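Open the structure in your viewer and keep the selection tool ready. We will go from one pair of residues outwards, one stop at a time.

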Amino acid sequence: MAIQIQTNGFKPIHYQGKPIQVAKLQSINFSRLLSQEPAELDKLLHLCKTEGFFYLDLQDIDGRRILDDKARLLELMKRFFNSSHDEKNEIGLPSQEHGYEPVGNHAGVVDGTKDGYEILKVSRDELSKASSINLPSIVKNTHDIKVFDDFVAGSSIITKTMLSALSTSLGLQGGERFENSHRNGHKSNSTLAMFRYIPGDLKTSKEVGHQKHTDIGSLTLLFSEQWGLQVQRPGPQNHDKWEFIEPKPGHAVINVGDSLRFASGHQLYSCIHQVVPIDNAEDRYSIAYFLRPENEAKYKDSNGKLVTASEWHDAKYEVFQKEHQQQIGSDSILMGGMETAVGA
Ligand SMILES: O=C(O)CCC(=O)C(=O)O
Ligand SMILES: [Fe+2]
C-alpha cells in the first residue's frame, strides 16, 4: 500500500520535521493535444518555456490505455525486484539503456553517499529488434515481453504527440520538426527505466535517493504512485529550494530534458529534480520512459559546444557515476546548465 499523505491541495507536507511545499504544477490534457487544440498547444509551449515540469492528464479515452499498461508493468516490476540478485543480474548492464543495475551505482542525494535505487531498463531499440531480445530469464517470456512492449508503444505515442504539438506551436516545418530527429529505425538511447528505491534516511543512510539533475533526453514520461520526487522551481528565489510533486492518479509527470532544450535553441526550460526517501518503511516504485533523440542528432550543449545526442548522453552518465568530489566542476553537465539559469 502506498503511503497516503493528505495535502488539501498543495498545502505543505511535513518532512523530517520541516514543512515542505507541494509544487503547484499545471496539467496538460493529452486528448486536447492529440486534436491539436490551439489553446492546449499554447499552454504546452508556455509551460515548456517557463516551468519544464507539469502533469499530463491521461484519463480520457485516447490516453487511458497506458494506465492499465502501467498497472501490469508495476506487477511485473514487483515480481522482478523481489527475485534473487543473481536472477536480476543475469545479463548485467550490456549498455546504459538496457539491463539491470543494483543499488549504489551512482552518486546519491547527500554528499559522500550513493544512490538508493535498483533499476531495470529495457531499451526501445532492443525491444524493436526482430531477433530475440536480451533479458533476464525471469522476465523473458511472451507475457512479460508484451507488457514491456505495450508500455513502450504507449509511451512512444504519447511523447511523440507532445513533440509534434511543440513543433507546431514553435512553427517548425518539415525536417526541422522535433519528430524528425526521433525516427524509429534510427538508433537512439530511448529507454524504459523501472526503479525500486529502498527505504532510507537522508541523515544516516549511505545509499539514498536519486541525486539532483536535469534529464538527458527530450521528454520524460514519469509515473509513480508514491511520494519522493522533488523539483526546484524556476527563479533565482528557488535556488536549492525543493518542492514535492504530488502523485496524481490518472496523470503522468512530464519533464523537458536537456536535449530538447538544446534542440529548441535553449528556448525550453528543464527543471532540476531529485528523489528523496519519504519517511516510511516501504520501497518506492517509479517508471520513466525517456524519449531521447536519434544518436546522430546535433545541437549546442550548455557550454555552446556542438555535440551529438549520444555524446551528450555518454558524458552525462559518466558524471552520474562519479563520486560527489569528482563531480565538482561538472554542474553544466549534471544540471544541463540550469544551475546557473536558476541562480542567475
Ligand atoms: O524515480 C523518479 O521518480 C525520478 C527518476 C528520475 O528523475 C530520473 O531517473 O531521471
Ligand atoms: Fe530525472
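**Stop 1: a pair of facing residues.** Select L219 and V256: L219 stands opposite V256, which belongs to strand β12. Keep in mind as you look around that this is a predicted model.

**Stop 2: strand β9 and its neighbours.** Now select β9, residues 219-223. On one side, four bridges join β9 to β12, and the two strands run antiparallel. Next, add β14 (284-291) to your selection. Five bridges join β9 to β14, again in an antiparallel arrangement. To find a facing pair here, pick F223, which stands opposite I287 in β14. If you are new to sheets, it helps to know that strands pair through backbone hydrogen bonds, either parallel or antiparallel.

Is β9 mostly covered or mostly open? It is mostly covered, since five of its five residues are buried. Show the side chains to follow both faces: L219, L221 and F223 are buried on one side, and T220 and L222 are buried on the other.

**Stop 3: the whole sheet.** Zoom out. In what order do the eight strands of this open sheet lie? Trace them as β3-β4-β12-β9-β14-β7-β6-β5, with mixed pairing. At the edges you will find β3 (27-29) and β5 (99-101), each pairing on one side only. Neighbouring strands are turned against each other by 25° on average, ignoring direction.

Go to the β5 edge and select β6 (residues 117-123), which runs antiparallel to β5 and is joined to it by three bridges. Here Y100 stands opposite L120 in β6.

**Stop 4: helices on the sheet.** Select helix α3, residues 65-81, which packs on the sheet and touches β6, β7, β9 and β14. The direction of α3 makes about 120° with that of β14. Then select helix α2, residues 38-50, which lies across β3, β4 and β12. Compared with β3, helix α2 runs at about 145°.

**Stop 5: where two helices meet.** Keep α2 selected and add helix α6, residues 142-169. Two packed helices are described by the angle between their axes and the distance between the axes. For α2 and α6, the angle is about 90° and the axes are 9 Å apart, so the two helices are roughly perpendicular to each other.

Finally, show the residues that meet: L41, D42, L44, L45 and C48 from α2, with A165, L166, T168 and S169 from α6. By class, this contact has six nonpolar, two polar and one charged residues.

Note on methods:
Residues are numbered from 1 along each chain as its sequence is written. Chains are lettered from A and ligands numbered from 1 in the order in which they are written. This is a predicted model: local features need pLDDT of at least 70, side-chain atom pairs count only at pLDDT 80 or more; totals for chains, interfaces and linings use all residues. Two strands pair if DSSP finds at least two bridges between them. Axes are lines fitted to C-alpha atoms, for helices over the stretch in contact, and angles run from 0 to 180 degrees between N-to-C directions. Two residues are in contact if their C-beta atoms, placed from the backbone, lie within 7 Å. A residue is buried if 20 or more other C-beta atoms lie within 10 Å of its own, exposed if 12 or fewer, and partly exposed in between; C-beta atoms are placed from the backbone. Angles under 35 degrees count as roughly parallel, over 145 as roughly antiparallel, 65 to 115 as roughly perpendicular and the rest as oblique. Ala, Val, Leu, Ile, Met, Phe, Trp, Tyr, Cys and Pro count as nonpolar, Asp, Glu, Lys and Arg as charged, and the others, Gly among them, as polar.
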